[in-house]
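Trainee: Could you walk me through this model and show me how each label gets earned?
Mentor: Sure, let's pull it up.

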Amino acid sequence: MPGQQTRQWILSNPPSADPVLSGSNATFSLETTTLPTPGSNQALVKTLYFSNDPAQRGWIQKDMDPERLYTAPVNKGDVMRSYAIAEVIESNVASLKKGQLVMGGLGWTECAIVKEGEVRPIQADESAGIRPTHFIGSLGGPGLTAYDGLIDVAKATKDDTVVVSGAAGATGSMVVQIAKHLVGCKRVIGIAGGEKKCRWVESLGADICVDYKSANFKDELKKATEGFVEVYFDNVGGEILDLMLTRIKRFGRIAACGAVATYNSMGTGSGLQNWFEIIINRIEVKGFLVTDAIESGKAGKWIQELVQAVKEGKIKVGEDTETVVKTKFEDVPRTWTMLFEGGNTGKLVTQIV
C-alpha cells in the first residue's frame with residue numbers, strides 16, 4: 001500500500017537576523033515527501049493547528065553553539081520544529097483512535113507518522129469554553145510558563161505588585177490573570193503595544209496597562225510603578241528590561257522568561273545600561289524554562305489548577321485570548337513571523353485550511 005504524500009517546511013538557510021521569507025536565501029523551503037505506511041504501534045496524523053512560539057527563533061539561529069542551547073537546534077535540512085494539534089487518520093496504537101485529536105511536537109508538516117507516546121490525546125470541553133487550540137495556548141506551554149515563572153520562580157504573593165511585559169501575548173496575558181485572580185496580587189501592571197491591546201489586558205484583570213508605543217512611555221511606566229514593585233515578569237528583554245531594572249524594589253525578583261525584542265538581532269546593540277541596579281538593590285534575576293517543570297512532574301498539577309480556574313470563571317480562555325490565523329500550508333512561515341511584528345493578541349495559532 002503506498003504511503004501518504006505530504007508537504008513539509010524545511011530549514012534551508014539558518015538566519016542570523018530576521019528570517020527571510022522568499023528568494024534564493026529564504027530561511028525555509030517547501031518540499032514534498034512520501035511517508036511510509038504506519039507500522040506496529042504507529043499512527044498517521046494530519047495537522048490542523050500549529051503553535052507559534054518565540055522560542056522557535058532561537059532553535060534556528062545560524063552558528064548557535066548547541067552546548068549553550070537548552071534543546072537540540074533545528075539543523076539545516078530538518079523539518080521546522082513546532083508543536084501542533086492533529087487528527088488521527090490511521091492508527092495501529094491502542095490508545096489512539098481514528099478521529100481523535102492529539103498534541104505533540106510534529107513540526108511544520110501536513111501529515112506525520114508518530115509512535116506510541118510521541119503525542120498525547122486532548123479533550124476539549126466546549127461547555128466550559130475550552131477549545132482544542134487552548135491546549136497549545138492558555139492550557140499548554142504558555143499557561144504553564146506563566147504559572148511557573150510567576151509562582152515557582154518569582155514566588156509572587158498577594159502582598160506583591162507585579163509588572164509583566166508582553167502582557168497581550170500568550171504567556172503575558174496568562175501572567176496577568178494568574179497574578180490577579182489566582183494569587184491575588186495587590187496590584188498588576190501590564191506593558192503592551194497599542195491602546196487596543198492595553199485595554200484588553202486591563203479587561204483580563206490588570207489594574208493598568210502601559211503602552212510601550214506611547215511617546216510618553218517611560219514617564220507613564222514610572223508613574224504606574226511609583227513606590228517601585230516587588231516582581232517583574234520579563235517576556236521581552238531589551239530596553240524595557242533595562243528600564244524595569246530601575247523600577248524594582250530592593251530585594252525584588254525578576255522572572256526572566258523571554259527576550260523577543262532581541263531574538264532577531266541576538267542581542268546586538270542591546271546592552272543593559274542599568275545592570276548596576278541588580279547589585280546595589282540586590283535584585284534577584286532568575287532565568288527559567290518550563291520544560292524543567294514539565295520534566296520534574298510539576299506541570300500536571302498546574303494544568304489541573306488552570307482548567308479548574310477556567311471552569312470557575314477565574315481565567316478567561318475565550319476567542320479573544322488567542323489569535324487564530326487561517327493559513328494555507330504554503331504560507332505557514334509568514335504567519336509565524338507575526339510573532340515578531342506584534343501582530344497577535346494572546347496566543348498566535350496557525351490553522352491550516
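What follows is a chat about cores, a helix pair, cysteines and a few single residues.

Mentor: Keep in mind that this is a predicted model.

Trainee: What makes a set of residues here the largest nonpolar core, and which residues have the most contacts inside it?

Mentor: A nonpolar core is a set of buried residues of the nonpolar kinds, joined through side-chain atoms within 4.5 Å. The largest such set has 49 residues, and Leu-150, Val-176, Ile-178, Val-201, Phe-233 and Ile-315 have the most contacts inside it. Among the elements that each supply at least two of its residues are helix H2 (141-153), helix H3 (170-183), strand S9 (187-192) and helix H9 (299-311). H9 gives the most, with seven residues.

Trainee: What does Ile-315 touch, leaving aside its neighbours within four places in sequence?

Mentor: Met-174, Gln-177, Ile-178, Leu-182, Ala-309 and Val-310. There is also a second, separate core of 29 residues, which includes Val-45, Val-74, Val-93 and Leu-106. As background, nonpolar side chains tend to be buried together in soluble globular proteins.

Trainee: Why is H2 called roughly perpendicular to H9?

Mentor: Their axes come within 10 Å and cross at roughly 105°. The window for that label runs from 65 to 115 degrees, so H2 counts as roughly perpendicular to H9.

Trainee: Which residues meet where H2 and H9 are in contact?

Mentor: From H2, Gly-143, Leu-144, Tyr-147, Asp-148 and Asp-152; from H9, Ala-299, Trp-302, Ile-303, Glu-305 and Leu-306. They divide into six nonpolar, one polar and three charged.

Trainee: How many disulfides are there, and how do you know that Cys-257 is not bonded to Cys-185?

Mentor: The count comes to zero. A disulfide needs two cysteine sulfur atoms within 2.5 Å. The closest cysteine sulfur to that of Cys-257 is in Cys-185, 16 Å away, so the gap is too far for a bond.

Trainee: Are Cys-257 and Cys-111 buried or exposed?

Mentor: Buried means under 20% relative accessible area, and exposed means over 50%. Cys-111 has 7%, so Cys-111 is buried. Cys-257 has 25%, so Cys-257 falls in between and is called partly exposed.

Trainee: Now the serines. Why is Ser-82 called buried, and where does it lie?

Mentor: Ser-82 is in the loop between helix H1 (55-59) and strand S4 (84-91). Its relative accessibility is 2%, so it counts as buried. Leaving aside neighbours within four places in sequence, Ser-82 is in contact with Phe-50, Ser-51, Gln-56, Gly-104, Gly-105, Leu-106, Gly-107 and Trp-108.

Trainee: And what makes Ser-214 partly exposed?

Mentor: Its relative accessible area is 22%, so Ser-214 misses the under 20% needed for buried. Ser-214 is found in the loop between strand S10 (208-211) and helix H5 (217-224). Its C-alpha is 7.7 Å from that of Gly-194, though the two are 20 residues apart in sequence.

Trainee: What is notable about phi in Asn-41 and in Phe-251?

Mentor: Asn-41 has a positive phi, near 60°, in a residue other than glycine. Phe-251 is not a glycine either, and its phi is positive at about 70°. Asn-41 lies in the loop between strand S2 (28-34) and strand S3 (42-51), whereas Phe-251 lies in strand S12 (residues 248-256).

Trainee: Why do Asn-41 and Phe-251 get their exposure labels?

Mentor: Asn-41 has 38% relative accessibility, so it counts as partly exposed. Phe-251 reaches 53%, which is over 50%, so Phe-251 is exposed.

Trainee: What makes Gly-190 buried, and what is it in contact with?

Mentor: Gly-190, in strand S9, has 0% relative accessibility, so it counts as buried. Beyond four places in sequence, Gly-190 is in contact with Val-164, Ala-167, Val-201, Ala-206, Ile-208, Cys-209 and Val-210.

Trainee: Last one: where is Lys-186, and which residues does it touch?

Mentor: Lys-186 lies in the loop between H3 and S9. Not counting residues up to four places away in sequence, Lys-186 touches Lys-158, Asp-159, Asp-160, Thr-161, Lys-180, Asp-207 and Glu-230. Lys-186 and Asp-160 are 26 residues apart along the chain, with 5.9 Å between their C-alpha atoms.

Technical notes: Residues are numbered from 1 along each chain as its sequence is written. This is a predicted model: local features need pLDDT of at least 70, side-chain atom pairs count only at pLDDT 80 or more; totals for chains, interfaces and linings use all residues. Side-chain values use heavy atoms; hydrogens and water are left out. Buried means under 20% relative accessible area, exposed over 50%, partly exposed in between (1.4 Å probe, protein chains only). Helices (H or I, at least four residues) and strands (E, at least two) are DSSP runs, numbered from the N terminus. Contact means heavy atoms within 4.5 Å. Axes are lines fitted to C-alpha atoms, for helices over the stretch in contact, and angles run from 0 to 180 degrees between N-to-C directions. Angles under 35 degrees count as roughly parallel, over 145 as roughly antiparallel, 65 to 115 as roughly perpendicular and the rest as oblique. Ala, Val, Leu, Ile, Met, Phe, Trp, Tyr, Cys and Pro count as nonpolar, Asp, Glu, Lys and Arg as charged, and the others, Gly among them, as polar.
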